[in-house]
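Trainee: Hi, could you walk me through this structure? I'd like to learn how to read its features one at a time.

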Amino acid sequence: MSTIPIDGAATVTFTVNGASVATEVETRRMLSDVIREDVGLTGTHLGCEHGVCGACTVLIDGQPARSCLMLAVQADGADITTIEGLADGDRLHAVQQAMHDSHSFQCAFCAPGFLMSTVALLAENPNPTRDQIRAELSGNLCRCTGYQSIIAGVETAVELLARSGGGERGGA
Amino acid sequence: MSAENQTSGLGGLVGQSVARVEDQRLLTGNGSYVADIDPPGVLHAAFLRSPFAHARIEAIDIGAARRARGVVAVFTGADIERTTHPFPPFLMMPGLYTPLYHALSVDKVRMVGDPVALVIAESRHLAEDALELIEVDYEPLPPVATIAQALAHGSEPLWEKADGNLLYDHTDTFGDVDAVFASADRVITERLSCQRQSNQPMETRGSVIEVDPATGHLTIHNATQSTHMLRWITAALTGKQSAATSLKDFLTNKQRRGAFVSAAREFVSANAESLKKQDNAGPAAQLKKDRSFVGHANRIGLGLLGKDDYPTVMARDIGGGFGSKGSIAREDVALAAAAIELGRSVKWIEDRVENLTDGGQAREEMITVSIAVDNDGSMRAMRADLVVDQGAYPGFPVGAPLTTRIMMVMFPGSYRFEAFEIRSRVVATNKGKYIPYRGPWANETWARERMIDIVARQLGMSPAEVRLRNMIDEADMPTAMVTGPTIDETMSTKRTLERALELVDLDAFEEQRVEAAAVGHQLGIGIASYHEAAPGPPDYWDSVNPGTSMMTFEDARTTVEADGSVLIYTQQMPHGQSHETTYAQVAADELGVRLEDVELVYGNTDRTPFGIAGTGGSRGGPLGGGAVKYSAREVRRKVVEKAAKLLEAAADDIEIVDGNIHVAGVPSRGLSYAEVASAAAAESGDPSSAPFDETTTYRGHGDGGWSTATHVCFVDIDLETGLVKIPRYLVVEDCGPVINPAIVDGQVRGGVAQGIGAVLYENSAYDDAGNVQATTYMDYLIPTAMEIPDIEVHHIETLSAGENDFRGVGEGGMIGAPAAITNAVEDALAPLGARVTEQYLPPTRILELAGVIDPD
C-alpha cells in the first residue's frame with residue numbers, strides 16, 4: 001500500500017451502487033462526505049459524525065459500515081452500496097416495502113441507516129428472532145418511533161423475502 | 001389492509017392506518033433535508049464557541065483567521081451587534097424580566113458553547129481550520145452551575161439588569177389555600193427534582209441562506225418547525241434601514257399603508273376580547289428593568305413596515321425536532337446577517353457536539369409539592385414551589401416563563417382540588433438554553449403523579465384508589481379546573497384509568513413479585529394519568545396568560561385546480577408527524593376523492609398561509625386538521641353548487657363518490673372534478689387562479705378540548721446491576737377520533753421511548769464549573785432497540801359536542817411516561833425503604849436507592 005500524505009489529496013476508485021467512481025479527494029475527508037458531496041447521493045445521512053447513531057451506514061463489500069468514521073481513501077477499491085442502490089427503479093426493495101407496509105418510520109432521517117443494517121442482517125441471517133433483530137439494530141438510533149414499528153418492519157421483510165423464495169431482491 | 005382499500009375515495013379514510021405518502025421518497029434516499037441543499041457557489045460557516053461557562057470577552061483577534069486559506073469573512077459579536085437587533089422579549093408577563101441578547105455574544109459569554117465568532121469559508125473544513133486561528137482573550141467570571149447557586153445571594157449575575165439570577169417570580173393562588181390546609185387531616189410534602197435533558201432529533205439544526213445575486217432576495221432553507229416565525233424574526237432582526245427611512249417609505253407607499261391598516265384592523269377585531277385581557281403589568285415589569293427594548297422595538301417595527309422584500313423560508317423534509325426546531329436559533333440570525341453582508345449564499349449544518357451543547361436543553365426543574373389530604377384519601381388542596389433552570393439564554397419564542405404558566409394551569413391535573421397555590425420562579429445559569437421539549441410542561445404531571453403515589457403510601461391506600469377517589473368524572477361535568485379552564489366531556493382521564501386497570505391483572509402481578517424477589521429482582525408497577533390541552537377549551541390560553549387565546553388560530557387553504565387536482569395549503573411544518581398522509585385523509589374524505597388526488601403544500605412561506613406556531617403543541621391534528629376539514633368542506637360546497645348547475649339538479653341531490661360528482665342514484669351521468677373545475681375556470685376567465693379556492697381560519701372555539709391518557713409501567717429491577725427492565729408498558733389514550741391509528745400509535749410509542757430515556761438514560765450533565773459533560777452520544781445515551789420494550793396502545797375515542805373532534809397526540813407519550821416509570825421504580829424498591837424524588841434513575845442511583853451501594 002502506498003503512503004498517503006496526511007493533508008494532501010489522493011485519487012480513490014470505488015463503485016457506488018454498481019457505478020464506477022474515480023475521484024481526487026482530500027485525504028482527511030470522510031467517505032460519507034465524498035458520497036454526499038462528490039458522488040451526489042444525499043440519502044446517506046450524518047446524525048452524529050462519531051459513529052454512534054448509525055444514520056450514515058452503507059454497505060462496504062456487503063458489510064455494514066459507518067461511512068462517517070471511514071476515510072474516503074480507505075474505501076479505495078471497495079464496492080459500496082447506499083440507500084439509493086436498494087430500489088429497482090420505482091420498485092421498492094423488499095426491506096423498503098416492508099418498512100412502508102409497517103409504518104416503520106416517522107421523520108425517517110435515520111431510515112437509510114436502518115435499511116442498510118437490515119439488508120445486511122437479513123443477508124446473513126434470513127430468519128432472525130425478535131431479540132436478534134433488537135440486538136443487531138442496536139447500532140442504529142431512532143428518536144421518533146420507539147423502534148417497535150421498525151422491528152415489525154424487519155419481521156415483515158422476513159416474510160416478504162420468504163414468500164418471494166428467499167434471496168430475490170433481498171441481497172444488496 | 002390492501003392498497004385498493006386505502007385509496008377507495010368512498011370516504012372513510014379517516015380512521016384507517018393508511019400507508020404513508022411520505023415514504024416513497026424517504027425510504028429510497030430521495031428526501032430533501034436541509035443538509036442536502038447546495039445552492040451554486042454556496043459558502044460554508046463554522047462557529048467559534050466559548051470554552052468557558054462564564055467570562056468577559058476582553059479582546060478577539062481574527063487577523064490570522066481572516067488570512068487563512070479559503071476564508072471569505074469572519075464576523076464577531078461586534079459585527080453582529082452593528083448589523084442586527086437583539087432577540088426581543090416574546091411575552092412580557094408580570095414578574096418577568098427577559099434579557100435581550102444578540103446572535104453572537106458581544107462582550108460576555110454565558111455558557112460553554114456560546115457562539116462568539118462566525119467564519120465563512122469555501123468549505124466547512126477550511127472554516128473549521130480557521131476557527132483555531134482566532135484568539136479570544138477571556139476574563140473568567142464565577143460560574144453559576146446550579147439552581148441553588150443561582151438562587152444564592154451574591155451569585156455572579158449573568159445579566160446586569162436583572163435582580164441577581166432570578167428572572168421571574170410569580171405566585172398564583174386559587175381558593176382559600178390556607179384554610180383548606182388548616183382543615184385537612186394531614187399535609188404531605190416532598191421536594192422533587194428533574195435533571196437537564198435534551199430533545200436530540202436525529203437531524204441536527206441547519207440553515208442554508210440562499211442569496212439571489214440579482215435582487216438580494218433571501219431564500220432560507222432551514223430545519224425549522226415554524227417557517228413563518230423564522231421568516232419574520234429574520235426580517236425583523238436583520239432590518240438595518242434607519243427608522244426615518246422606514247417611516248418615510250411606509251407613509252409614501254399607499255398600497256403598503258393600506259394593507260397594513262386593514263391587516264391591523266382585522267387582527268384587532270378578530271382578537272378584541274383577547275386583547276382586552278392583556279395585562280399591562282407585563283410590559284411595565286420589563287421596561288422597569290430595561291428600556292432598551294423600546295428603541296429596538298421601534299426600529300424593528302418601522303424596519304418591517306418599510307421593507308419591500310421579506311425572506312422566503314423553505315423546508316421540505318426535517319429529521320425530527322421535538323420542540324427544539326421551533327426555537328429560533330441565534331445561529332440562524334447570524335448566518336442571515338453574514339449572507340446579507342457578503343451577498344453570498346451561506347450554509348451551516350450543526351454538528352452533534354454543538355447540538356448537545358447549544359441545540360437546546362430542557363426539563364431541569366425543582367418542585368416542592370405539599371398536598372393537604374384527609375385520611376380517607378381525599379386530596380383537598382395543593383401547594384407547589386417551582387424553580388426552572390433557564391440556562392444562559394431565554395428560548396425564543398417559547399421559553400421557560402411561558403412553560404411555567406402552562407405548568408401552573410395543568411398542575412392540579414384531572415383531580416378535584418378545593419384550592420391550589422403555586423410559586424413559579426425562573427433562574428439564569430451558565431448552561432445550555434432551556435427550550436420546549438415535547439410536552440414542555442410535563443413535569444407538572446411527573447410531580448403530581450409522583451406525589452399521589454407518595455400520598456397513597458403514607459395513607460396505606462393503593463395509588464389507583466387515591467386516583468379514582470379524587471378524579472373528576474362525568475357526574476361533575478361541566479366543571480372547571482381549580483386553575484380556570486373548563487372541563488367538558490372530553491376530559492376522560494378517569495375512563496382511561498378504569499380501562500387500564502381492566503387490562504392489568506394485579507393479583508397475578510403480586511405473585512410474580514414474590515417469585516422475582518426470591519432471585520434478587522424487585523418488581524414494581526406504576527400508574528400515571530393526565531389530561532392535556534390539545535387544543536384545550538376556549539378559555540385555556542387565557543388561563544395560561546391573559547390575552548394569549550389569540551394563539552389558537554390556524555388557517556388552511558384548499559384549492560381545486562383547473563385539472564381537478566386538489567391542493568391543501570398549511571402553515572404546519574411536518575417533521576415526522578406524517579401530515580401529508582393524514583391531511584390527505586381528512587381532505588379526501590370531505591371532498592369524496594382518492595387519497596392520491598390530494599397534495600399537501602407546506603414549507604414555503606411564499607405559498608402557505610401565515611401562522612407563527614408552525615408544528616408544535618399537539619396542534620397538527622386539532623387545529624391544522626380542523627382547518628383542513630373546514631376549508632375542504634367549503635370547497636366541496638362550492639363544487640357541488642357548480643355541478644348542480646351543470647347537471648341541472650338541486651345541490652342537495654348531489655353526491656360525490658370516488659371523485660364522481662353526480663345526482664344521487666345516477667352515477668353514470670356524473671362529472672369529474674376536472675370537468676367541474678374546467679367549467680368553472682372557463683366561466684371565471686382567469687386561467688391563472690384556481691377555480692375553487694377557500695381559506696378557512698379555524699379557531700377551535702366550541703370544538704376540540706382535552707386529550708387524556710393513563711400509562712401503566714411494569715419494571716423488573718436487577719439488584720445486582722441496577723438495571724431496570726420494562727417487561728410490560730401500556731397506554732390507554734383518548735385523542736378523540738383517530739385519523740390514522742398507525743401514526744397515532746407511533747406518536748405515543750415515540751413519546752414513551754423518550755420518557756424511558758429521560759428516566760433511565762439521558763442526562764445533560766454539567767460539572768460544578770459549568771462545563772458540559774455530555775457532548776457525544778457516548779455520554780448522552782439515547783435508548784436503542786435493546787432498551788425500549790414493545791408498548792401496548794389502547795384507544796378510547798370520546799366524541800365532543802363540536803363538529804371537529806380531532807385532538808392532539810404528539811406530546812402525550814412523553815408527558816405520562818416519566819411518572820409511570822418512576823412510580824414503578826418506587827413501588828419496586830419501597831420494600832427496601834426507597835423513596836424516589838428524582839426523575840433521573842441510572843443504575844448507580846437505583847443501587848443507592850435499594851441500599852446495595854452507599855450514596856457517597
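Mentor: Sure. Let's begin with a term: a salt bridge here is a side-chain nitrogen of Lys or Arg within 4 Å of a carboxyl oxygen of Asp or Glu. The general idea is that side chains of opposite charge can pair when their charged atoms come close. Keep in mind that we're looking at a predicted model. Now the case: Lys325(B) forms a salt bridge with Glu203(B), and their closest N and O atoms are 2.7 Å apart.

Trainee: Where do the two partners of that pair, Lys325(B) and Glu203(B), sit in the chain?

Mentor: In two loops, 122 residues apart. Lys325(B) is in the loop between strand 11 (312-314) and helix 14 (330-342) of chain B, while Glu203(B) is in the loop between strand 8 (186-194) and strand 9 (206-211) of chain B.

Trainee: Is Lys325(B) buried or exposed?

Mentor: Buried means under 20% relative accessible area. Lys325(B) has 3%, so it counts as buried. Glu203(B) is also at 3% relative accessibility, so the label for Glu203(B) is buried too.

Trainee: How many salt bridges does the rule count over all chains?

Mentor: The count comes to 67. One of them joins the side chains of Glu354(B) and Arg124(B), at 3.7 Å from N to O. Glu354(B) belongs to helix 15 of chain B and Arg124(B) to helix 5 (residues 124-131) of chain B, so this pair ties together parts that are 230 residues apart in sequence. Glu354(B) is buried, at 7% relative accessibility.

Trainee: Which residues are linked in a network of salt bridges?

Mentor: Arg49(B), Arg124(B), Glu128(B), Arg205(B), Glu331(B), Glu350(B), Glu354(B) and Asp358(B). You'll recognise Glu354(B) and Arg124(B) from the pair we just looked at. For another salt bridge, try Asp453(B) and Arg467(B), whose closest N and O atoms are 2.9 Å apart. Asp453(B) is in helix 17 (residues 443-459) and Arg467(B) in helix 18 (residues 463-470) of chain B, 14 residues apart. Both Asp453(B) and Arg467(B) are buried.

Trainee: Okay, on to interfaces. How do I read one?

Mentor: The size of an interface is often given as the accessible area lost when the parts come together. For chain A and chain B, that's about 4,000 Å² between them, with 56% of it on carbon and sulfur atoms. On the chain A side, His103(A), Gln106(A) and Arg143(A) supply 21% of the buried area, more than any other three residues. In terms of contacts, 44 residues of chain A touch 56 residues of chain B.

Trainee: How many salt bridges and polar contacts go across the interface of chain A and chain B?

Mentor: The rule finds 5 salt bridges. In one of them, the side chains of Arg28(A) and Asp129(B) meet at 2.8 Å, N to O. There are also 27 residue pairs in polar contact across this interface. The side of chain A that touches chain B divides into 20 nonpolar, 13 polar and 11 charged residues.

Trainee: And what about an interface inside one chain?

Mentor: You read it in much the same spirit. The domain assignment splits chain B into domain 1 (3-31 + 553-698), domain 2 (38-141 + 200-358) and domain 3 (365-542 + 703-849). Domain 2 and domain 3 of chain B bury about 2,800 Å² between them, 65% of it on carbon and sulfur atoms. In domain 2, Tyr101(B), Phe322(B) and Leu356(B) lose the most area to domain 3, together 21% of what that side buries. Across this interface the rule finds 0 salt bridges, but it does find 11 residue pairs in polar contact. Helix 15 of chain B gives the largest share of the domain 2 side, 4 residues.

Trainee: Last one: what about the backbone? Which bond joins Phe396(B) and Pro397(B)?

Mentor: A cis peptide bond, with omega about 0°. Pro397(B) lies in the loop between strand 14 (379-391) and helix 16 (400-410) of chain B. Another cis peptide bond joins Ala534(B) and Pro535(B), with omega about 10°, and Pro535(B) is in strand 18 (residues 521-536) of chain B. Also check phi: Ala108(A) has a positive value of about 70° although it is not a glycine. Ala108(A) is in the loop between helix 2 and helix 3 of chain A, and it is buried, with a relative accessible area of 2%.

Note on methods
Residues are numbered from 1 along each chain as its sequence is written. Chains are lettered from A and ligands numbered from 1 in the order in which they are written. This is a predicted model: local features need pLDDT of at least 70, side-chain atom pairs count only at pLDDT 80 or more; totals for chains, interfaces and linings use all residues. Side-chain values use heavy atoms; hydrogens and water are left out. Domain bounds come from an automatic or database domain assignment. Buried area is the accessible area (1.4 Å probe) that two parts lose on being put together, summed over both. A polar contact is a pair of N or O atoms within 3.5 Å; within protein, one must be able to donate a hydrogen and the other to accept it, and residues adjacent in sequence count only if both atoms are side-chain atoms. Contact means heavy atoms within 4.5 Å. Ala, Val, Leu, Ile, Met, Phe, Trp, Tyr, Cys and Pro count as nonpolar, Asp, Glu, Lys and Arg as charged, and the others, Gly among them, as polar. Buried means under 20% relative accessible area, exposed over 50%, partly exposed in between (1.4 Å probe, protein chains only).
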